[in-house]
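Trainee: Please take me closely through one residue of this structure, and then carry the account outward to the parts that deserve a careful reading beside it.

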Amino acid sequence: MYPLKFNPILKERLWGGTKLKDVLGKEIPNDITGESWEISTVPGDISVVSNGELMGTSLQELIDQSGEEVLGKSVVERFGKEFPILIKFIDAKQDLSIQLHPNDELAKKRHNSFGKTEMWYIMNADKAASLIVGFNKDVSKEEYAKSLEDDSLLELLNYEKVKEGDTFFINTGKIHAIGAGVLLAEIQQTSDVTYRVFDFNRRDKNGNLRELHTEQALDAIDYKQKDDFKVHYDRDEDVVNDMVACPYFTTNYIDLTKDLEQDVSNRDSFTIYMCVGGSATIENEFGSATIQKGETALVTANSKKIQLKTKGAKLLEVTI
């Protein structure tokens, strides 16, 4: 299969804004659009091909018909015919709720689901924008529970100011939130299991407080202060720079000033390119697709070579 592009699945969110349109050029449905799901097989939100002969075909159909060719044999052995990651762009005009995700073991037991490990690449940030990542000291379960009762949780949390290019790895159990003014690319396990623990007492458009998962979160939180979330990576031009490697995905950073050819014959995985700057044409043996900032393409696992043709592009390359 040629490199595949998909129709973005745009999500209205209480905290969303207009940067998906203003910065990434997407046609958003309203001024509180918070997420663009780029590649997904989450039930009810399955990506549909937007280019070439396969236009109109869902990603799930392609996987059902040609699982190993699309995903790779090793990926099918681990995850079956389910796309194992979810690719998004997120625009936070307001602070997101403070939340965390359970690990695989707990998510399987409680929700028959995978947990959710994720990473963030900051694409755009207002001057004072920040994230919440973890605690600012070791906290006991009792101290944490008391902070919810007396509304002092924010005093226990670690704040990180951010700028374009900053990257964060959010492992399961880590309390976190995207702050107002941040536009980012997110790569995560395919899972929608989130424990929301504080939402700034906001109400939705119907005047209702959103559900909190206070009790469920107590046994899922990592209460230790850990400095393990900021990703330090090289940004050398015209080479593949290692960024994040975990059991669920591997992400590389590629800053191109010229064309680059890659031999991927031994990869045994699909390859995703998220364009976070400039534009590039992605070619394999079966065709090509051009992506610009804010667009994403999937190269199937049966590709042996990938050519990236560009006069200037910044890409996140994601594999399993």
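Mentor: A polar contact is here a pair of N or O atoms within 3.5 Å, where, within protein, one atom must be able to donate a hydrogen and the other to accept it, and where residues adjacent in sequence count only if both atoms are side-chain atoms. Please keep in mind throughout that this is a predicted model. With that in hand, the residue I would choose is threonine 310, which has its place in strand S20, residues 305–319. The side chain of threonine 310 reaches the backbone nitrogen of glycine 312 at 2.8 Å, a distance that falls within the 3.5 Å limit. Threonine 310 has a relative accessible area of 9% and is therefore buried, since buried means under 20%. If neighbours within four places in sequence are left aside, the residues in contact with threonine 310 are Leu256, Thr257, Lys258, Asp259, Ser279 and Ala280.

A second position to set beside this one is arginine 267, found in the loop between strand S16 (260–263) and strand S17 (271–284). Arginine 267 is partly exposed, with a relative accessible area of 24%, and, again without its neighbours within four places in sequence, its contacts are Gln262, Glu317 and Thr319. Arginine 267 and glycine 72 stand 195 residues apart in sequence, while their C-alpha atoms are 8.3 Å apart in space.

From these positions we can turn to the nonpolar interior. The largest nonpolar core has 42 residues, and those with the most contacts inside it are Phe83, Tyr121, Phe249, Ile272, Leu298 and Leu316. In soluble globular proteins, nonpolar side chains tend to be buried together. For phenylalanine 83, contacts outside its neighbours within four places in sequence are made with Ile39, Thr41, Leu59, Ile63, Leu71, Thr190, Phe270, Ile272 and Leu298. A second core, separate from that one, has 21 residues, among them Ile132, Tyr144, Val193 and Ala217.

Strand S7, residues 118–125, shows burial along a single element: 6 of its 8 residues are buried, so the strand is largely enclosed by the rest of the structure. S7 pairs in the antiparallel sense with strand S10 (residues 167–170) over 4 bridges, and tryptophan 120 stands opposite phenylalanine 168 in S10. S7 also pairs in the antiparallel sense with strand S12 (residues 182–189), over 7 bridges, and here asparagine 124 stands opposite leucine 183.

Helix H5, residues 104–111, can be read at both of its ends. At its start, a side-chain oxygen of asparagine 103 comes to within 3.3 Å of the backbone nitrogen of glutamate 105, and just after the helix, asparagine 112 takes a positive phi of about 50 degrees.

The charged side chains bring in a further set of links, for a search of the whole structure finds 19 salt bridges. In one of them the side chains of lysine 5 and glutamate 295 meet at 3.3 Å, N to O. Lysine 5 lies in the segment before strand S1 (9–17) and glutamate 295 in the loop between strand S18 (287–292) and strand S19 (296–299), so this pair ties together parts that are 290 residues apart in sequence. Lysine 5 is buried at 17% relative accessible area, whereas glutamate 295 is partly exposed at 24%.

Another salt bridge joins aspartate 219 and lysine 141, with the closest N and O atoms 2.9 Å apart. Because aspartate 219 lies in the loop between helix H7 (214–218) and strand S14 (240–245) while lysine 141 lies in helix H6 (residues 141–149), the pair ties together parts that are 78 residues apart in sequence. Aspartate 219 counts as exposed at 53% relative accessibility, and lysine 141 as partly exposed at 34%.

A further pair is lysine 163 and aspartate 166, whose side chains meet at 3.2 Å, N to O; lysine 163 is exposed at 53%, but aspartate 166 is buried at 5%. Salt bridges that share partners also join Arg13, Glu35, Lys88 and Glu186 into one network.

As for disulfides, a search of the whole structure finds 0. Among the cysteines, cysteine 246 is buried at 16% relative accessibility, and cysteine 275 is buried at 0%.

Key: Residues numbered from 1 in each chain as written. Predicted model: local features only at pLDDT ≥ 70, side-chain atom pairs only at ≥ 80, totals over all residues. Heavy atoms only, no water. Buried < 20%, exposed > 50% of the residue type's maximum accessible area, 1.4 Å probe, protein only. Helix = DSSP H or I, 4+ residues; strand = E, 2+ residues; numbered from the N terminus. Pairing = 2+ DSSP bridges. Core = buried A, V, L, I, M, F, W, Y, C linked by side-chain atoms within 4.5 Å. Contact = heavy atoms within 4.5 Å. Salt bridge = Lys/Arg side-chain N within 4 Å of Asp/Glu carboxyl O. Disulfide = S-S within 2.5 Å.
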